[in-house]
Amino acid sequence: MDCPLERASVATVIAFLLLLACHGPAGVIAGGEPPYSSAAETKKHAEMHARKMLINATTGGHPRGVAAAAAAAYAKAAERTTAALDEDDDCSEGVVQVSQVNAGPLPNGIPTYSVAITNTCLDCTVRDVHVSCGEFASTVLVDPRSFRRLAYGDCLVGDGGPIGPGETVCFEYSNSFIYSMDVASVSCGDI
C-alpha cells in the first residue's frame with residue numbers, strides 16, 4: 001500500500017463499512033430508532049455521505065486527481081471570466097478570480113486546500129486586492145507575502161502589490177474545513 005490512491009480507496013471502504021455498522025442497512029442507528037422520519041430522507045443522507053467519500057477519494061488521494069480538480073476549477077473560472085469580460089472590459093473586482101481545490105490531507109489527516117487568485121484582465125494590473133475570508137486560519141504557515149488576514153473577513157493578497165495581466169498568486173492552507181473566499185475590493189492601474 002505505497003500508492004496514495006490505494007490508501008484512499010482502503011480508507012473509503014473502511015469509512016463506508018463504519019457507516020454501515022453505525023446506521024445498519026435500514027438506516028437505524030445501532031440499538032436505537034431511525035434518525036430520519038422517512039425512507040427518502042434516509043436514502044438522501046446515505047447518498048450524501050457516499051458522494052462526500054467519493055469526492056475525497058478522487059481529488060484528495062492522488063496527485064492526478066488534485067491536478068484534474070484544479071484544472072476543472074480553473075477552466076470553470078475562465079469561462080465565467082470570459083463571459084464577464086465580453087460584457088464589460090472595465091477593471092473591477094470581477095476581473096480577479098479565486099479558485100480553491102482540495103489538495104489532500106496532511107499526514108495528521110487535516111485537509112489541505114490549494115488556492116489560486118488570478119487577474120484575468122488582459123490589459124490592466126490590479127493591486128491592493130482584498131478578499132473576504134471570514135476567520136481565516138491555517139494549521140500550516142501561509143507566506144504572509146502571498147496571503148494574510150488583516151481583520152475578521154478581510155485578507156490581503158500578494159502583500160497589496162501589483163498582480164499583472166494573467167498573473168496568479170498561489171498558496172496552500174490547511175484546516176478542517178474550506179473557507180469561503182470572494183474578492184471584496186481591488187485597486188486598478190493600466191500597464
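**Exercise 1. Asp128 and its backbone**

Task: Work out whether Asp128 is buried, partly exposed or exposed in this predicted model, and describe its backbone setting.

Solution.
- Step 1: Start with accessibility. The relative accessible area of Asp128 is 33%. Partly exposed covers the range between under 20% and over 50%, so Asp128 is partly exposed.
- Step 2: Place the residue. Asp128 sits in strand 3, which spans residues 124-132.
- Step 3: Check the backbone angle. Phi of Asp128 is positive, near 50°, and the residue is not a glycine.
- Step 4: Put that sign in context. Most residues other than glycine have a negative phi.

**Exercise 2. A second positive phi**

Task: Find where Asp159 lies, what its phi is, and which residue it meets in a salt bridge.

Solution.
- Step 1: Asp159 lies in the loop between strand 5 (154-157) and strand 6 (168-174).
- Step 2: Its phi is about 60°, a positive value although Asp159 is not a glycine.
- Step 3: The side chain of Asp159 forms a salt bridge with that of Arg148, with 2.4 Å from N to O. This pair joins distant parts of the chain, 11 residues apart: Asp159 is in the loop between strand 5 and strand 6, while Arg148 is in strand 4 (residues 147-151).
- Step 4: Now look at solvent exposure. Asp159 has 43% relative accessibility, so it counts as partly exposed. Arg148 counts as partly exposed because its relative accessibility is 29%.

**Exercise 3. The surroundings of Arg145**

Task: How many salt bridges does the structure hold, and which contacts does Arg145 make beyond its neighbours in sequence?

Solution.
- Step 1: The structure holds 2 salt bridges. One of them is the Asp159 and Arg148 pair from the exercise above.
- Step 2: Arg145 also forms a salt bridge, with Asp143, and the closest N and O atoms are 3.1 Å apart.
- Step 3: Compare each partner with the cut-offs. Arg145 has a relative accessible area of 59%, so it is exposed. Asp143, at 31% relative accessibility, counts as partly exposed.
- Step 4: Locate Arg145 in the fold. It is found in the loop between strand 3 and strand 4.
- Step 5: Leave aside neighbours within four places in sequence, and Arg145 is in contact with Gly158 and Asp159. The C-alpha atoms of Arg145 and Gly158 are separated by 5.5 Å, although these residues are 13 residues apart along the chain.

**Exercise 4. From elements to core**

Task: Lay out the order of the secondary structure elements, then find which strand gives the largest share of the largest nonpolar core.

Solution.
- Step 1: The protein chain has 3 helices and 7 strands. From the N terminus on, the order is α-α-α-β-β-β-β-β-β-β.
- Step 2: Take the chain as a whole. Of its 191 residues, 33% count as buried. The chain exposes about 11300 Å², and carbon and sulfur atoms supply 59% of that area.
- Step 3: Consider contacts with a separation of 6 or more. Residues 24 or more positions apart account for 63% of them.
- Step 4: Turn to the core. The largest nonpolar core has 25 residues, and those with the most contacts inside it are Ile117, Phe136, Phe147, Phe171, Tyr173 and Met181. The elements that give two or more residues to this core include strand 1 (96-105), strand 2 (111-119) and strand 7 (182-190). Strand 3 provides the largest share, 4 residues.
- Step 5: For background, nonpolar side chains tend to be buried together in soluble globular proteins.

**Exercise 5. Aromatic pairs**

Task: Classify the ring pairs Phe171 with Tyr173 and Phe177 with Tyr179.

Solution.
- Step 1: The count of aromatic pairs comes to 9.
- Step 2: For Phe171 and Tyr173, the centres are 6.4 Å apart and the planes make 35°, a tilted pair. Both Phe171 and Tyr173 are buried.
- Step 3: For Phe177 and Tyr179, the centres are 4.9 Å apart and the planes lie at 55°, so this pair is tilted. Phe177 is partly exposed at 43% relative accessible area, whereas Tyr179 is buried at 9%.
- Step 4: Widen the view. One aromatic cluster is formed by Tyr113, Phe136, Phe147, Phe171, Tyr173, Phe177 and Tyr179.

**Exercise 6. Confidence**

Task: What is the mean pLDDT of the protein chain, and how many contacts does the model have for residues 1-10 beyond four places in sequence?

Solution.
- Step 1: The mean pLDDT is 73, and 51% of the residues reach 70 or more.
- Step 2: Over residues 1-10 the pLDDT stays under 50, and the model has 9 contacts beyond four places in sequence for this stretch.
- Step 3: Residues 26-36 also have pLDDT below 50, with 18 contacts in the model beyond near neighbours in sequence.

Conventions
Residues are numbered from 1 along each chain as its sequence is written. This is a predicted model: local features need pLDDT of at least 70, side-chain atom pairs count only at pLDDT 80 or more; totals for chains, interfaces and linings use all residues. Side-chain values use heavy atoms; hydrogens and water are left out. Buried means under 20% relative accessible area, exposed over 50%, partly exposed in between (1.4 Å probe, protein chains only). A salt bridge is a side-chain nitrogen of Lys or Arg within 4 Å of a carboxyl oxygen of Asp or Glu. Contact means heavy atoms within 4.5 Å. Accessible areas come from the Shrake-Rupley method with a 1.4 Å probe; for residues, only the protein chains shown count as cover. A nonpolar core is a set of buried Ala, Val, Leu, Ile, Met, Phe, Trp, Tyr and Cys residues joined through side-chain atoms within 4.5 Å. pLDDT is the predictor's confidence in each residue, from 0 to 100. Rings of Phe, Tyr and Trp (its six-membered ring) pair if their centres lie within 6.5 Å; planes under 30 degrees apart count as stacked, over 60 as edge-to-face and the rest as tilted.
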